[in-house]
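Here's a quick tour of a ligand site and some ring contacts. Have the sequence and the 3D view open as you read.

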Amino acid sequence: MKVTFPHMGHLWLVLKTALEGIGLEVVVPPPCTRRTLELGVRHAPESACLPLKVNLGNFLEAKELGADTIVMAGGVGPCRIGYYAQVQREILRDIGCDYEMVVFEPPDVHFSEVWNKVKYLNRRPWQEGVRGVILAWQKACAVDSLEQEVQRLRPCEAKPGQADAIFQRALWELDGAGSRKEVKKIVKKVQGELAAIPRNPNGPVLRVGIVGEIYTVLEPLVNLNIERRLGALGVEVVRGLFLSRWINDNLFKSLLSLPGHHPEKTAPPFLNHFVGGHGWESVGDTVTFARYGCDGVIQLAPLTCMPEIVAHSVMPAVQEARGIPVMTIYLDEQTGEAGLQTRLEAFVDMLRWQKGRKEGFWKTRGKRWGNVPEARITERRSKEQAR
Ligand code: SF4
């Protein structure tokens with residue numbers, strides 16, 4: 001059995017470790033490129049969600065490398081995620097691409113089914129398998145912590161691209177790590193290298209939160225490397241969606257005390273219930289980012305993604321109530337780099353202008369109050385932002 005899986009950002013590293021840990025031979029699909037997308041678009045229905053098309057391209061490319069079994073996550077909810085796997089299975093069969101598919105539905109809904117599939121795939125004694133899965137989890141946490149560091153660094157690097165180069169190398173090193181000790185060692189070394197990168201003295205001026213559908217947020221081919229583009233424009237990106245948090249929220253049912261999503265607390269009164277995908281989280285995260293002083297939010301979604309359309313419809317209310325500008329970007333195979341870049345530059349210009357205006361306002365007010373101490377002005381400003 002040669003197993004493969006769909007790409008989603010750095011998920012390959014985690015899944016590869018977990019599947020090898022349970023004794024399977026793994027074929028990692030080649031990294032997503034325009035060819036992957038074109039292959040998927042050629043065989044998928046035009047109206048299908050973009051992630052379905054890219055994943056289909058991954059499976060076709062992995063087939064060329066000899067894979068014969070697909071391991072992927074299913075889903076439940078009001079959107080199309082529930083029949084993703086079935087549609088892909090039919091398409092692959094129609095075009096004569098022979099694959100066995102093992103689809104993991106969410107464990108809280110189909111626990112016994114998940115258990116049976118794990119038993120079917122496992123080729124090692126249980127202790128060894130569990131050790132492999134734990135190592136995969138540790139790698140997920142390591143990748144996420146390093147990526148956050150890179151997000152902070154990008155806008156203030158003296159020579160752009162250094163942090164990304166170090167991060168890419170770190171991914172390959174982490175891939176080769178065989179124990180928790182090695183993972184820790186690599187993280188420490190890479191943190192040191194990142195800390196030594198020369199900084200631009202001006203530093204970042206803007207902070208922008210990224211929310212949206214998980215695939216478009218995590219997969220750089222689909223979002224056209226939006227985080228790097230923002231970094232080059234002097235923007236620090238923050239986001240709530242990370243692999244380790246997604247695994248903790250969805251597979252471990254928030255057993256570990258990681259900062260996760262709590263849309264039930266943050267999204268109301270704008271959106272009071274689950275709408276599928278990450279629509280509820282998009283609204284909740286926007287409120288959180290406004291509370292923590294972000295200058296703006298960018299919502300990413302595949303074209304026709306129902307949960308994000310619902311979230312998009314309440315964003316104007318969030319903008320008005322929380323005073324945070326939100327720009328929604330729908331992505332599909334037609335999205336061009338030049339168009340995206342122009343929209344980002346315009347949005348960043350607008351945020352910079354708005355921030356300058358606010359700063360000016362606070363400076364004048366400080367002067368008008370005469371000897372009002374700076375701390376008092378800061379306190380008032382944070383209260384205003386919290387509102
Ligand atoms: S969340 Fe959006 S992109 Fe994902 S399956 Fe549902 S509708 Fe499609």
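## Around the ligand and the rings

The shell around the ligand takes at least three residues from each of domain 1 (2-124) and domain 3 (205-387). Keep in mind that this is a predicted model. If you want to find the spot, look for C49, C79, R80, I81, Y84, E213, G277, P302, C305, M306 and P307, which surround the ligand. Sorted by class, that shell has eight nonpolar residues, one polar and two charged.

Now for the rings. The count comes to three aromatic pairs. Here are two of them:

| Pair | Geometry | Centre to centre | Angle between planes |
|---|---|---|---|
| F59 and Y99 | edge-to-face | 6.4 Å | 70 degrees |
| W115 and W126 | stacked | 5.3 Å | 15 degrees |

The F59 and Y99 pair links distant parts of the chain, 40 residues apart: F59 is in helix α3 (residues 50-64), while Y99 is in the loop between α4 (84-94) and β4 (100-104). Both F59 and Y99 are buried. Y99 has another contact too, as the charged end of K63 sits over its ring, 4.7 Å from the centre.

The two tryptophans are eleven residues apart, with W115 in helix α5 (residues 111-121) and W126 in helix α6 (residues 126-153). So are they buried or exposed? W115 counts as partly exposed because its relative accessibility is 41%, and W126 is partly exposed as well, with a relative accessible area of 39%.

One last contact to check out: R239 lies over the face of F242, 4.4 Å from the ring centre.

Conventions
Residues are numbered from 1 along each chain as its sequence is written. This is a predicted model: local features need pLDDT of at least 70, side-chain atom pairs count only at pLDDT 80 or more; totals for chains, interfaces and linings use all residues. Side-chain values use heavy atoms; hydrogens and water are left out. A residue is near a molecule or strand if one of its heavy atoms lies within 4 Å of it. Ala, Val, Leu, Ile, Met, Phe, Trp, Tyr, Cys and Pro count as nonpolar, Asp, Glu, Lys and Arg as charged, and the others, Gly among them, as polar. Domain bounds come from an automatic or database domain assignment. Rings of Phe, Tyr and Trp (its six-membered ring) pair if their centres lie within 6.5 Å; planes under 30 degrees apart count as stacked, over 60 as edge-to-face and the rest as tilted. Helices (H or I, at least four residues) and strands (E, at least two) are DSSP runs, numbered from the N terminus. Buried means under 20% relative accessible area, exposed over 50%, partly exposed in between (1.4 Å probe, protein chains only). A charge sits over a ring if NZ of Lys or CZ of Arg is within 6 Å of the ring centre and within 35 degrees of the ring normal.
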